Structures are given as structure tokens and as C-alpha cells.
Amino acid sequence: MTSVGVPATLRTIRANLDLTQTELAEKLGVSFATVNRWEGGGNSPQKAAMARILELAAEAGIDVSDVDATVAPAPTRRRGRAVGAPSTKSMEQMLWDAASSIRGEKDAPKFKDYLLPLLFLKRLSDVFDDEIARLAEEFGDLTVALEIAESDHSLLRFYLPPEARWSVINGRTKFDWLVDERGRSTAPRDIGEHLTKAVRAVVRHNPDLSGVIDVIDFAAERNGERDINPAKLRGVVETFSDPRYRLGLADVQPDFLGRAYEYLLRKFAEGSGQSAGEFFTPTEVGFLMAHILRPKPGETCHDYACGSGGLLIKLQLVARELDPTSKVPLKMYGQELQAESYAVARMNTIIHDMDVDLRRGDTMINPKFRDATGSSMRFDIVVANPMWNQPFDSALFADDPFDRFMKSGGASSGRGDWAWLQHTIATMSEGGRAAVVLDMGAVTRGSGSKNGDKERNIRKWFVEKDLIEGVILLPENLFYNTTAAGVIVILNKRKPATRENKILLLNASRRFTKGKPKNHLTPADISDLAKQYHDWADVDGIVRIIETADAVGADYNLSPALWVTQPDDREHRPIKEIMGDLLELDGRAREIDSTLAEMLVKL
């Protein structure tokens with residue numbers, strides 16, 4: 001058997017014996033990655049391994065001389081109950097393995113420029129395979145399903161031409177490239193050229209993906225050398241080909257691409273002195289915000305610092321959960337300054353079939369969504385997690401052409417937190433509501449100061465206008481760019497009568513599950529916190545509802561920690577832990593006594 005026939009033989013063995021790659025690896029006494037490389041033609045087995053392969057082939061009743069080298073890959077098989085979405089750890093491991101494959105080829109911050117389009121292409125391909133499988137169930141045959149999809153692309157979210165399908169990219173499926181007008185083959189020389197051809201072919205068939213998936217030339221050269229070595233790219237493709245990292249419709253979480261982007265930022269940007277995670281909101285915080293706002297079918301929703309689009313996606317998911325029979329989607333609008341975040345937001349919303357109008361630009365200086373008069377558009381729901389404590393030139397607030405600041409409590413001192421809330425109010429409809437994540441200090445700074453504080457004065461204006469419905473204090477160490485606790489400020493321009501001139505303060509600082517490197521909220525936490533908010537009642541140690549007059553008496557300090565006291569953990573420590581500390585202190589005391597005795601002897 002030649003090395004050319006090894007991949008086909010392995011695939012035929014798996015098909016005949018009904019084995020996964022992992023199970024085949026166990027029978028051969030090698031690693032899963034080794035079998036994966038053999039099937040992909042990356043390298044060939046040594047003599048001993050080849051002998052074992054021939055033994056298995058005989059066991060499977062295979063005549064290796066008759067094996068067709070173009071045989072399709074054995075189908076990926078799932079046993080037992082359906083596999084749920086992979087954990088974050090699996091996703092992070094996949095991305096880390098992929099990044100390690102090209103490490104040294106590109107500066108760390110550039111990793112994501114290559115990995116994200118590849119990840120998106122893999123996601124599109126797996127979704128395409130899922131939809132073909134759905135059509136096959138409907139029409140009873142896979143070949144018929146493919147023929148129907150080829151003739152009517154509208155049956156699919158996105159049509160992927162054969163050369164862009166992952167099994168062709170990783171070499172598991174043979175593809176016959178066409179010849180040009182001169183009779184020359186158009187086959188790519190290597191994986192870099194193949195990937196560039198693939199993403200361009202995808203865009204030709206799906207124009208909406210232009211500028212999203214085709215932003216990188218994987219075969220680009222500089223000074224006669226490839227920007228990224230094809231062998232390294234092949235390593236990334238093989239990593240993404242691991243069946244444990246499938247990215248189909250039921251395999252990953254809704255904001256998978258946003259989480260991947262956030263992971264890459266956190267992993268590499270910090271090492272290069274940049275700020276990581278500036279535009280990413282932890283998934284569970286986004287779901288909490290959505291459950292508090294309870295979006296209704298057809299409502300207009302806006303995120304003016306949308307990052308990867310995660311908050312908008314969660315609004316739509318919660319809207320569907322609350323009203324599963326409705327066919328009316330939310331109408332969503334997002335603005336994002338950073339080009340990379342904007343591209344990921346487009347990827348995220350496209351793959352979820354969400355009607356989102358995304359635009360690039362600096363929201364504070366140049367808000368893109370305007371009505372016929374040039375004023376800011378108004379929305380039913382506004383969500384955002386803008387950069388905390390962002391500095392701005394004070395002249396921006398005094399001379400704002402959209403009149404967002406001076407009439408809404410005045411110009412800020414230069415920090416952006418309350419300026420963002422002033423912008424939020426300017427974009428809310430008359431019955432609009434909003435949830436904005438800010439630094440905890442935003443609700444306390446300036447209160448109790450003898451000198452006039454601009455942030456405190458803006459808070460005063462918001463309280464007097466009865467625009468603040470609630471403030472939720474989040475646990476520490478949730479956000480990837482800081483260990484500090486954040487707050488969610490909920491605004492409402494049309495409070496129910498029972499909530500008028502009242503503010504709900506919810507202290508969720510102790511409601512978290514400890515993790516590494518970050519803490520997180522569980523689904524039960526999200527459900528309970530949303531319920532406590534909507535119940536609108538005092539809960540000892542968790543919720544306090546104050547009157548406007550109470551806020552005035554506290555000089556507009558709206559920190560839930562001030563109003564909702566919780567027992568100090570140090571007052572309720574386990575006896576075993578306390579005894580351990582006492583024994584340690586006793587040991588230190590003995591050491592000190594011994595040292596003093598030695599000193600006294602010398603006197």
C-alpha cells in the first residue's frame with residue numbers, strides 16, 4: 001500500500017468497523033491527532049504502525065489494493081444522547097491550539113486576523129452540512145439533497161461552493177479543480193492559496209459576506225516570502241478539523257464568535273500592552289440585562305457600543321424565549337468604532353439570521369443613526385457596555401451638535417460614564433427603557449463632597465427627572481479587562497405607576513460562582529436576579545427600594561452596597577479555617593519568642 005492510499009484505507013476501515021477517529025487511534029495505539037494527520041495526508045505511518053493498519057484492514061474485510069484513494073471520509077458519529085454545546089474550555093483549547101500552530105509566524109495581536117475568518121468559514125461549513133442533512137431527511141437521500149441545494153440556494157442560510165467546504169479544505173474530500181481558458185489547472189499550490197480562493201468563492205455566492213470573511217489574503221507575500229507559512233496554516237486547519245470542535249447549529253453557544261474574539265483579545269492583547277476585553281460583556285451579564293428588559297416582538301433595539309454584537313443577540317434570544325410562537329423579530333441597530341469588532345458583529349448577526357443594521361463610527365462624536373431632521377433616532381430598548389471611565393475632551397460636551405449633555409444635567413468632568421447615560425437618554429423613545437453597564441464608581445463619585453461635582457450633578461438631574469429605575473451591583477472579577485465590580489443602570493422613560501419616584505437597588509455582589517481566571521453567574525443566578533428585580537419588593541440583604549427623597553438625603557449616592565447591607569464573610573468562617581489560622585499564628589509567635597531569647601542571651 002502506498003502513502004497515497006493510507007488516508008482512504010483508514011477512512012474505509014472506520015466506515016466498515018463503525019469507528020470514530022478516536023476509537024481507531026486507540027486500536028492503533030497512537031494519538032487521535034496522529035490518525036487525524038494520517039487521514040489528512042499530512043504524514044505517513046512508520047513500518048510498525050503500517051503493519052497494524054494492514055491487520056485492521058484485513059479484520060474489516062478490506063483489500064487495500066482495491067481501495068479508492070478518493071473515498072469520502074467516514075461520517076462523524078455521535079453515540080448515546082445528543083452532545084450539548086462544547087464548554088468554554090473546549091473552545092479556548094481549540095483556539096489556543098490553533099494559535100500555537102502559527103505562533104512565531106505573526107505578532108500575537110495579528111493571530112485573530114487569521115483565526116477569526118477561518119473560524120467563521122468553519123462555522124459556515126458546519127452549518128451548511130447541518131442544513132444539507134436536514135434536506136436529506138426531508139427528501140430521503142443525501143445526494144438528492146445536494147442536487148436540490150445546488151439548484152436552489154435560497155433553501156440554505158448560505159450556499160458554500162464545493163471548494164469552500166471544510167472537508168475539501170482539509171483534504172478529506174477530493175475536489176476536481178477546473179482549468180482556465182488556456183487549459184491550465186486552477187488548483188491552488190498550497191493551503192494558503194486554497195483558503196483565499198475559498199473565502200472569495202463564498203463571497204461570490206453570498207455578497208452579504210463581503211468585507212466580513214474575505215478581509216485576509218492567506219497567500220499574501222512580502223519581500224518574496226509568505227506572510228504566514230502554508231505548513232502553519234495547515235496546522236490551524238487540522239486543529240479546526242477535530243470533530244470535538246464542531247461548530248454547527250446545535251454545537252456552540254449563540255455568541256460563539258464573540259466569545260472567541262474576546263478570548264483572543266484577552267489571551268494576546270494584554271501581552272502586547274493593549275487593553276483586552278474593552279468591548280466584550282460576559283455572556284451571563286448580557287442575558288441578565290435581556291431578562292430584565294424583556295424585549296417584545298417588533299421592538300427596536302440599539303447598542304451604540306455593540307462590540308461583537310453579543311448584547312443584541314441576547315435580546316433576540318430572550319425575546320424568542322418569552323414569546324416562542326411569535327414570527328416577528330426585533331429590529332436591531334448597532335454602532336461600533338473598532339473595525340475588528342465590527343466585522344465580528346457582522347459575522348455573529350449574519351449567522352443567526354438576525355435583522356441588524358450595523359454601522360461603523362465613533363458614537364460619541366458621530367452617532368450614525370439619525371432621523372429625517374438630523375436628530376438621534378429613538379429606540380424602544382437601548383443596551384450598552386461602553387468603555388468605563390473613558391476620558392473625553394470637555395469641549396465635546398459643551399458644543400455637542402445633538403444637544404445631548406447641557407440640557408440633561410450639564411457637561412461631565414471629562415469621564416464618559418454619565419455622558420454615555422446622557423447619550424442613552426437621547427436615543428430612547430418616549431416609552432423606552434435601557435440597561436447600561438458602568439464602573440461601580442459612576443453611581444457614587446462626588447456624593448458627600450463639599451465642592452460641586454459634575455458627575456454628582458448629572459446623577460441629581462437623572463433622579464429628579466425620575467429616569468433611573470434600578471441599579472444592580474455585580475460581583476467582582478466578572479469582566480476580562482478588570483477585576484472591579486460593575487453596575488447595571490436601568491433607565492425607564494415611562495415607569496409604571498407603582499415605580500414612580502422609586503429606585504430599586506439590588507446587591508448581587510455575593511451572587512457568583514468562583515472560577516479561574518474569572519468568576520461567573522450561573523443560569524440559576526440570572527433567573528433569580530431577574531425575578532427579584534421584577535418582583536419589585538424589598539429582600540433582606542439583597543434588594544432595597546428607596547424613594548427619591550432617600551436618594552436626595554444620601555446626596556445621590558446610588559450604590560446598592562450603601563443601601564443593602566450583607567453579612568461580612570469574615571464573621572461566619574468555618575471553625576476548621578479559624579483553627580488553622582490560630583495554629584499558624586501560634587507557630588509564628590513561638591518563632592518570635594525563640595528569636596528574642598537568642599538575642600537576649602547575647603546581651
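The following questions and answers concern the strands, two loop residues and the nonpolar cores of a predicted model.

Reader: How many of the residues of strand β8 are buried?

Author: Strand β8 covers residues 468–473 and is mostly covered. A residue is called buried when its relative accessible area is under 20%. In β8, the number of residues that are buried is six of six.

Reader: Do β8 and β9 run parallel or antiparallel, and which residue is the bridge partner of L473 in β9?

Author: Strand β9 spans residues 486–492, and five bridges join it to β8. The two strands run antiparallel. Within this pairing, the partner of L473 is V487.

Reader: In which sense do β8 and β10 pair, and which residue of β10 stands opposite V471?

Author: Strand β10 is made of residues 502–507, and four bridges link it with β8. Their pairing is in the parallel sense. Opposite V471, in β10, stands L505.

Reader: Where is N389, and is it buried, partly exposed or exposed?

Author: N389 lies in the loop between β6 (379–384) and α15 (394–398). Its phi is positive, about 55°, although N389 is not a glycine. Most residues other than glycine have a negative phi. Because a relative accessibility of 30% falls between the cut-offs of 20% and 50%, N389 counts as partly exposed.

Reader: What is the phi of N501, and why does N501 count as partly exposed?

Author: N501 sits in the loop between β9 and β10. N501 is not a glycine, yet its phi is positive, at about 60°. Buried means under 20% and exposed means over 50%. N501 therefore counts as partly exposed, its relative accessibility being 41%.

Reader: Which helix supplies the largest share of the largest nonpolar core?

Author: The largest nonpolar core has 55 residues, and L119, F120, L121, L124, L195, L209 and I213 touch the most other members. Several helices each supply at least two residues of this core, including α5 (88–102), α6 (111–139) and α9 (191–205). The largest share is 13 residues, and the helix that supplies it is α6.

Reader: With which residues is L121 in contact, leaving aside its neighbours within four places in sequence?

Author: L121 is among the residues that touch the most other members of the largest core. Once its neighbours within four places in sequence are left aside, L121 is in contact with A164, W166, I169, L195, A198, V199, V202 and I213.

Reader: How many residues does the second, separate core have?

Author: This second core is separate and includes W418, I458, I468 and L491. Strand β8, residues 468–473, has six of its six residues buried. The size of the second core is 44 residues.

Methods
Residues numbered from 1 in each chain as written. Predicted model: local features only at pLDDT ≥ 70, side-chain atom pairs only at ≥ 80, totals over all residues. Heavy atoms only, no water. Buried < 20%, exposed > 50% of the residue type's maximum accessible area, 1.4 Å probe, protein only. Pairing = 2+ DSSP bridges. Core = buried A, V, L, I, M, F, W, Y, C linked by side-chain atoms within 4.5 Å. Contact = heavy atoms within 4.5 Å.
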